[in-house]
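Welcome! Here is a set of short exercises, each with a worked solution. Have the sequence and the structure open beside you as you go.

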Number of protein chains: 2
Amino acid sequence: MSIRIGILGYGNLGRGVECAIAQNPDMELRVVFTRRNPESVKILTDSAEVCSVETIEDWKELLDVLILCGGSATDLPVQTPKYAELFHVVDSFDTHAKIPDHFAAVEAAAKKSGKTAVISVGWDPGMFSLNRIYGNAILPQGKDYTFWGRGVSQGHSDAVRRIPGVKDAKQYTIPVEKALASVRAGKNPDLTTREKHTRECFVVLEDGADKAKVEESIKTMPNYFADYDTTVHFITEEEMARDHSRIPHGGFVLRSGVTGWQKENQHLIEYSLKLDSNPEFTSSVLVAYARAAYRLSQEGITGCKTVFDIPPAYLSPKSGEELRASLL
Amino acid sequence: MSIRIGILGYGNLGRGVECAIAQNPDMELRVVFTRRNPESVKILTDSAEVCSVETIEDWKELLDVLILCGGSATDLPVQTPKYAELFHVVDSFDTHAKIPDHFAAVEAAAKKSGKTAVISVGWDPGMFSLNRIYGNAILPQGKDYTFWGRGVSQGHSDAVRRIPGVKDAKQYTIPVEKALASVRAGKNPDLTTREKHTRECFVVLEDGADKAKVEESIKTMPNYFADYDTTVHFITEEEMARDHSRIPHGGFVLRSGVTGWQKENQHLIEYSLKLDSNPEFTSSVLVAYARAAYRLSQEGITGCKTVFDIPPAYLSPKSGEELRASLL
């Protein structure tokens, strides 16, 4: 029997989860819950229903795992604890600084309901975190580096769009090659914000807007751009549609460390991602961890978990025997 | 209280384990067991003893984990099941094709004794295996690639040393840049043995040996060299000592896959290692998994495990709370 999945929220992430489920024969999408009018939401999976989130309690016995596809700012802090009272859940909560609070809230709810919850699943937090923990455990005398990009930052793109005179904008975060090279060479550099990443903006202006003024507003924006070297390109709406419609991202996690009685040997562990679609990759990780959540629940393991707590084998549809023979 | 560690076998790997323990304040080396005369073995840790392996049973209650540092060909198939009857054990058994048999033998022994055993720990099998399982689970529609090097292959170096006229030899395995580039470009190539790796040999000849004949013998050696493009350099003993005394290694695991309803988005996951010392890095992984073995044993989880079965958090000395706040 397949693992029966529900999705809450049908944006880029929810749609990505739907696509990922279709690649996993042991899983089945049963329902997409939406806050919109269900009749206005067209999904890709013929066999699944679209229902109002108001009816979600009716599905309590009909789903194995609910994948929460809302945003970290306002949706997940409410939704994950709330729905962990009814379902085994997985989310991609990615506000790093607030993870301890989110964990506490979800842990309390899931422990009370006897459900299994997995939070902060994706690539950062998620796969990058895994590489940080493995790197730290193996090379305790070493240094961590995380670089993001080249990829679209939604938050920075939104910030540019809020500037008067800007009709549309996309912002790319770009790791500085020189900094990466220095880490790879084992130099253990201390890098400032400016030395690690540059920012590149593609902007469509409103008619009559002042280029120089917009560029100045971007480059001096506190927190978002002031601490970075930023390049601004003004382009047409057509160019925006043609060249910037995808949501690529990626990045690098490096652990540089030493071993030996005299620390005489250097080692570099490097993990990198090059993603055509940030939300679809995140969704693919969510679906693998939905499988893990289901398995944990079957073993009676309840409460809130993160990627740190879950044995890798739980992500795979293969048996232990198959895994040892084929992937070890 | 520290985790009390014993080492069996004091070659490159055992010495590497000793060095790694010194970097982990929650662990303590208590004893090195040797098949040699213990008085002939000088170790680095003042507070640890060197004992004959004949006395190992006397240590049954005095160690938390025994790390087995023998070879995969003849030592570990015997030692790991044998000592899993007395201790929680960790080994680096790396003959991929024989892992299922080794697992079965160790599982039987550890289940019977109620001990915890972790086998096939290191980087391949080990960290590379982890990256294969995560990559496969996240991108089920994709392809795996593993490249090794640039690094010293002990087996190939030994094979060259056995050729008449060869006094000393080191063999480096080198990934072919063009093949790596093609994988990174998302081309999903089917690669032959020759297309993936080249081999480079540095050879010191005995006086009067025939260069051409030795070179021919190397390049045509079945299994080891015949299927590869091999370069042979003849060097002096001094050059060998000066330029080839280290045991570097490394490699790459890549997972290239697609997502999206129409498989329209490509993704590349790449993990790589650049290691100054192959045995010391392997040892560092062994020590992290010794911590995991200890923790599993404390929870009463017995039997044979691999890296696939162990939650990443078990490798780290930090608490779940610290990990979520600092590395997630």
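**Exercise 1.** Find the salt bridge partner of Asp190(B), and say which parts of chain B the pair links.

*Solution.* Keep in mind that this is a predicted model.
- Step 1: Asp190(B) forms a salt bridge with Lys143(B), and their closest N and O atoms are 2.4 Å apart. The cut-off for such a pair is 4 Å.
- Step 2: Asp190(B) sits in the loop between helix H6 (177-184) and helix H7 (193-196) of chain B, whereas Lys143(B) belongs to strand S7 (residues 142-148) of chain B. With their positions 47 residues apart, the pair links distant parts of the chain.
- Step 3: Asp190(B) is exposed, at 65% relative accessible area. Lys143(B) counts as partly exposed, at 26%.

**Exercise 2.** Work out where Arg246(B) and Asp276(B) lie, and how open each is to the surroundings.

*Solution.*
- Step 1: These two residues form a salt bridge, with 2.9 Å between the closest N and O atoms.
- Step 2: Arg246(B) is in the loop between helix H9 (237-243) and strand S12 (249-259) of chain B. Asp276(B) is in the loop between strand S13 (265-275) and helix H10 (278-298) of chain B, and the two residues are 30 residues apart.
- Step 3: Arg246(B) has a relative accessible area of 42%, which makes it partly exposed. Asp276(B), at 23%, also counts as partly exposed.

**Exercise 3.** Why does the salt bridge between Asp75(B) and Arg35(B) tie together parts of chain B?

*Solution.*
- Step 1: The closest N and O atoms of Asp75(B) and Arg35(B) are 3.3 Å apart.
- Step 2: Asp75(B) lies in helix H2 (residues 75-83) of chain B, and Arg35(B) lies in the loop between strand S2 (27-34) and strand S3 (49-52), so the bridge joins parts that are 40 residues apart in sequence.
- Step 3: Asp75(B) counts as buried at 15% relative accessibility, while Arg35(B) counts as exposed at 62%.
- Step 4: For the wider picture, a search of the whole structure gives 32 salt bridges over all chains.

**Exercise 4.** Is helix H4 of chain B largely enclosed or open?

*Solution.*
- Step 1: H4 of chain B covers residues 127-138, which makes twelve residues. From first C-alpha to last, the helix reaches 17 Å, close to the 16 Å expected.
- Step 2: Among the buried residues of H4(B) are Met127(B), Phe128(B), Leu130(B), Ile133(B) and Tyr134(B).
- Step 3: Eleven of the twelve residues are buried, so H4(B) is largely enclosed by the rest of the structure.

**Exercise 5.** Trace the order of the strands in the seven-stranded sheet of chain A, and find its edges.

*Solution.*
- Step 1: The order is S3-S2-S1-S4-S5-S6-S14, in an open sheet with parallel pairing.
- Step 2: Strand S3 (49-52) and strand S14 (303-305) of chain A each have a single partner strand, so they stand at the edges with one side left without a neighbour in the sheet.
- Step 3: Look inside the sheet for one pair: S4 (residues 65-68) and S5 (residues 89-90) of chain A pair over two bridges. Here Ile67(A) has Val90(A) in S5(A) as its bridge partner.

**Exercise 6.** How are chain A and chain B related, and how much area do they bury between them?

*Solution.*
- Step 1: A turn of 180° with a shift of 0.0 Å along the axis lays chain A on chain B, with an RMSD of 0.0 Å. The copies are thus related as by a two-fold rotation axis.
- Step 2: In the contact, 68 residues of chain A meet 68 residues of chain B. The copies meet through the same surface, because 100% of the interface residues of chain A are also interface residues in chain B.
- Step 3: The two chains bury about 6,200 Å² between them, 63% of it on carbon and sulfur atoms. In chain A, Gln23(A), Trp261(A) and Leu328(A) lose the most area to chain B, together 14% of what that side buries.
- Step 4: Zero salt bridges are found across this interface.

**Exercise 7.** Where does Ser120(B) lie, and is this residue buried or exposed?

*Solution.*
- Step 1: Most residues other than glycine have a negative phi.
- Step 2: Ser120(B) has a positive phi of about 60°, although it is not a glycine.
- Step 3: Ser120(B) lies in the loop between strand S6 (116-118) and H4 of chain B, and is buried, with a relative accessible area of 0%.

Note on methods:
Residues are numbered from 1 along each chain as its sequence is written. Chains are lettered from A and ligands numbered from 1 in the order in which they are written. This is a predicted model: local features need pLDDT of at least 70, side-chain atom pairs count only at pLDDT 80 or more; totals for chains, interfaces and linings use all residues. Side-chain values use heavy atoms; hydrogens and water are left out. A salt bridge is a side-chain nitrogen of Lys or Arg within 4 Å of a carboxyl oxygen of Asp or Glu. Helices (H or I, at least four residues) and strands (E, at least two) are DSSP runs, numbered from the N terminus. Buried means under 20% relative accessible area, exposed over 50%, partly exposed in between (1.4 Å probe, protein chains only). The expected span of a helix is 1.5 Å times one less than its number of residues. Copies are superposed by least squares on the C-alpha atoms of residues with pLDDT of at least 70 in both. Contact means heavy atoms within 4.5 Å. Two strands pair if DSSP finds at least two bridges between them. Buried area is the accessible area (1.4 Å probe) that two parts lose on being put together, summed over both.
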